[in-house]
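Please look at the sequence and the model below before reading on. The paragraphs after it walk through selected parts of the fold.

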Amino acid sequence: QVHLVESGGGLVQTGGSLRLSCAASGRTFSSYAMGWFRQAPGKEREFVGRISWSDGSTYYVDSVKGRFTISRDNAKNTVYLQMNSLKPEDTAVYYCAVRRTGLAEYAYWGQGTQVTVSS
C-alpha cells in the first residue's frame, strides 16, 4: 500500500519561501513520477509540476516556472517542492501524488498541506 505524507505548509508573506516535503512509502518508486497539485478555495485542483523518480527530470506549469523547484532524495523516498517568491495566488492546499511512468493517472495521493500567502 502506497502512503504519501506531505508536510511543510504554513503561513508566509508575499515574496517569502516555503519548502514542502512528500514522504513516500509502500514500494520502490523508481518507475514512478511524483506530481504536485494544488487546490485553492472555490477552484478546481490544478497541476503544478512533477519529477521523475528515475532520472530526476522535471516539468512545471508556466505559473510557477522559475519560482518553484521540485527535487527528490531517493535514499529518503522524499520529494520536495521549494517555493520561492510566493504570491497570494499561490494560496492553496498542496497535494503530492504518484503515478507509474507512462500512465496518465495519479493513483495515490497524500492528505494535503495548507499554504497561505498573505499580501
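What follows goes from a sheet to one of its edge strands, then to a charged residue in that strand, to the salt bridges, and to two further residues.

This is a predicted model, in which local features need pLDDT of at least 70 and side-chain atom pairs count only at pLDDT 80 or more, while totals for chains, interfaces and linings use all residues. Residues are numbered from 1 along each chain as its sequence is written, and side-chain values use heavy atoms, with hydrogens and water left out.

Begin with the sheet. Strands here are DSSP runs labelled E, of at least two residues, numbered from the N terminus. Two strands are said to pair if DSSP finds at least two bridges between them. Four strands make an open sheet in the order E1-E3-E8-E7, and the pairing is antiparallel. At its edges are E1 and strand E7 (68-73), each of which pairs on one side only. On average, neighbouring strands of this sheet are turned by 15° against each other, direction ignored. For this angle, axes are lines fitted to C-alpha atoms, and angles run from 0 to 180 degrees between N-to-C directions. As background, strands of a sheet pair through backbone hydrogen bonds, either parallel or antiparallel.

Strand E1 covers residues 3-7. Its antiparallel pairing with strand E3 (residues 18-25) runs over five bridges. Leu-4 has Ala-24 as its bridge partner in E3, and Glu-6 stands opposite Cys-22 of that strand. The two faces of E1 differ in cover: Leu-4 and Glu-6 form the covered face, whereas His-3, Val-5 and Ser-7 form the uncovered one.

Which side chain of opposite charge is nearest to Glu-6? It is Arg-45, but at 9.3 Å, and Glu-6 has no salt bridge although it is buried. Buried means under 20% relative accessible area, exposed means over 50%, and partly exposed lies in between (1.4 Å probe, protein chains only). In this account Lys and Arg count as positive and Asp and Glu as negative, while His and the chain ends are not counted. A salt bridge is a side-chain nitrogen of Lys or Arg within 4 Å of a carboxyl oxygen of Asp or Glu.

The side chain of Glu-6 does have polar contacts with backbone atoms: the backbone nitrogen of Gln-111 is reached at 2.9 Å, and that of Gly-112 lies 2.8 Å from a polar atom of the Glu-6 side chain. A polar contact is a pair of N or O atoms within 3.5 Å; within protein, one must be able to donate a hydrogen and the other to accept it, and residues adjacent in sequence count only if both atoms are side-chain atoms. Leaving aside neighbours within four places in sequence, the residues in contact with Glu-6 (heavy atoms within 4.5 Å) include Trp-36, Tyr-94, Tyr-95 and Cys-96.

Turn now to the salt bridges, of which there are four. In one of them, Glu-46 meets Arg-38 at 2.6 Å, N to O. Glu-46 is partly exposed at 34% relative accessibility, while Arg-38 is buried at 6%. Arg-38 also forms a salt bridge with Asp-90, with the closest N and O atoms 2.9 Å apart. Because Asp-90 lies in the loop between strand E8 (78-83) and strand E9 (92-100) and Arg-38 in strand E4 (residues 32-39), this pair ties together parts that are 52 residues apart in sequence. Both Asp-90 and Arg-38 are buried.

Another salt bridge joins the side chains of Asp-62 and Lys-65 at 3.1 Å, N to O. Asp-62 is exposed, with a relative accessible area of 64%, and Lys-65 is partly exposed at 48%. Salt bridges that share partners link Arg-38, Glu-46, Arg-67 and Asp-90 into one network.

Gln-82 belongs to strand E8 and is partly exposed at 27% relative accessibility. Not counting residues up to four places away in sequence, Gln-82 touches several residues, among them Arg-19, Arg-67 and Phe-68. Its side chain makes a polar contact of 2.9 Å with that of Asn-84.

Last comes Ser-57, in the loop between strand E5 (46-52) and strand E6 (58-60). Ser-57 is partly exposed, with a relative accessible area of 31%. The Ser-57 side chain makes a polar contact with the side chain of Asp-55 at 2.8 Å. Beyond four places in sequence, Ser-57 touches Arg-50, Ile-51 and Ser-52.
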